[in-house]
Amino acid sequence: MENKMNRPGHRRRVVAAASAAALGLLVSVLGVVPAQAEPATDGWHPGFCKQGEGLTVVVDFGIGAERDPEARCRVGGTYSGTGERRLDVLEAVGYEVGMTGDFVGFVDGIGHDVPGVGPWWRFTTVSGEGAWSEDRGFAVPNNAMNWFQGVCLSMEGCVPRLVARFAPGGSGPVAPSVPGEPTKPPAPVEPARSAVRLKVVKLPTSTRPGVARVTVGRAAGRPSPSGRVVVTLIKAKQAKRMRTVLPSRRSAARIRLPRLAKGRWRAAVVYHGDANYQRAKAQTRLRVRR
């Protein structure tokens, strides 16, 4: 009878088993483990960066927009792309950017494409926490650890209504977040109380318009108020309403008053607030003599 030990198939199975045993021994001796996917070294997540985590990009879609101002963190603080930093810094945190000539016309499809008419996306920066820079450069450096890039949509010069601040918990370089696993954004800062005042600079008459000045108080440690102001002039059943927007980095605005019939008028002013200030209202009276 033929010996099973000498059959070719049996010998191949013995050799394979021996090879597997030898490989298992080598793995146990050298501590080799199966290869795993490399962890992500950069990416972005919603919310502000912690100190030492990266670059925070703040986008303000404008007064009255359906989309609230928001922040995104570019982990690691570096970004690259076309070399057009205005585009690259936004695309590095997941926004879609559209150009209109030499201007950034759209962010995620929001904006305007008629030169000289619609609002434009405007850029500002700050290194570390604090007020947005008066020197509105296009973008932060390519290596922008602990910088803030601000972008806002407005007919006039503007800065984002969100304050540049670090998320709590940072104390130096931290492990980057993995794209696709966003962290929870920090809780928003409670808006401060505000006070609004209306002062008539030039009293209107029945034949000529007037001028008033609206002032909103600024709280310590907060940027200048921004947003919409509505003035309503009331006399009996008559009501005339005017609207204006506070200019960037100024807490006061001039507003044109219409011609008014003779008599006593009540003037009600309402400041609608922003991300840093609560809504406020006040009243005053004026008398048109001629």
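**Burial, charge pairs and local geometry in a predicted chain**

Of the chain's 290 residues, 39% count as buried. The model is a predicted one, and everything below should be read with that in mind. Its secondary structure adds up to two helices and 15 strands. As for how the chain packs against itself, residues 24 or more positions apart supply 59% of the contacts that have a separation of 6 or more. The accessible surface comes to about 16800 Å², and carbon and sulfur atoms hold 52% of that area.

Charge pairs are a handy place to start. Side chains of opposite charge can pair when their charged atoms come close. A search of the whole structure turns up four salt bridges. One of them joins Arg 161 to Asp 60, with the closest N and O atoms 2.8 Å apart. This pair ties together distant parts of the chain: Arg 161 sits in the loop between β8 (147-154) and β9, while Asp 60 belongs to strand β2 (residues 54-60), 101 residues away. Are the two partners buried or exposed? Arg 161 has a relative accessible area of 14%, so it falls under the 20% cut-off and is buried. Asp 60 is at 3% relative accessibility, and it therefore counts as buried too.

Glu 70 is the next residue to look at, and it is found in strand β3 (residues 70-75). One salt bridge runs from Glu 70 to Arg 67, where the closest N and O atoms are 3.1 Å apart. Glu 70 has a relative accessible area of 19%, and because buried means under 20%, it is classed as buried. Arg 67, on the other hand, is partly exposed because its relative accessible area is 25%, which lies between the 20% and 50% limits. Glu 70 also pairs with Arg 72 in a salt bridge, the closest N and O atoms being 3.6 Å apart. In that pair, both Arg 72 and Glu 70 are buried. Which residues end up in one network? Salt bridges with shared partners join Arg 67, Glu 70, Arg 72 and Asp 108.

The surroundings of Glu 70 go beyond its charged partners. Setting aside neighbours within four places in sequence, Glu 70 is in contact with Val 57, Val 58, Val 59, Phe 61, Tyr 95 and Leu 162.

Elsewhere, positive charge collects on the surface. Arg 197, Lys 199, Arg 213, Arg 250 and Arg 254 gather there in a patch of positive charge. One member of the patch, Lys 199, has its place in strand β9 (residues 196-202).

Another lysine, Lys 240, lies in strand β12 (residues 238-245). Its relative accessible area is 31%, so Lys 240 comes out as partly exposed, between the 20% and 50% limits. What does Lys 240 touch once its neighbours within four places in sequence are left aside? The contacts of Lys 240 are Val 231, Thr 232, Leu 233, Pro 258, Arg 259, Leu 260 and Trp 265. Pro 258, one of these contacts, is 18 residues from Lys 240 in sequence, and the C-alpha to C-alpha distance between the two is 8.0 Å.

Some backbone details round out the picture. Asn 146 is not a glycine, yet it has a positive phi of about 70°. This residue lies in the loop between β7 (120-127) and β8. Ala 236, also not a glycine, has a positive phi of about 55°. Where is Ala 236 found? Ala 236 is in the loop between β11 (228-235) and β12. With 75% relative accessibility, Ala 236 is over the 50% limit and therefore counts as exposed.

Finally, there is Gly 98, placed in strand β4 (residues 97-100). Apart from neighbours within four places in sequence, Gly 98 is in contact with Phe 103, Val 104, Gly 105 and Phe 106. Gly 98 and Gly 111 are 13 residues apart in sequence, with 9.0 Å between their C-alpha atoms.

Conventions
Residues numbered from 1 in each chain as written. Predicted model: local features only at pLDDT ≥ 70, side-chain atom pairs only at ≥ 80, totals over all residues. Heavy atoms only, no water. Helix = DSSP H or I, 4+ residues; strand = E, 2+ residues; numbered from the N terminus. Contact = heavy atoms within 4.5 Å. Patch = residues over 30% accessible without salt bridge, like charges linked within 9 Å, V, L, I, M, F, W, Y side chains within 5 Å. Areas by Shrake-Rupley, 256 points an atom, 1.4 Å probe, with all protein chains shown as cover. Salt bridge = Lys/Arg side-chain N within 4 Å of Asp/Glu carboxyl O. Lys, Arg positive; Asp, Glu negative; His and termini not counted. Charge placed at Lys NZ, Arg CZ, Asp CG, Glu CD. Buried < 20%, exposed > 50% of the residue type's maximum accessible area, 1.4 Å probe, protein only.
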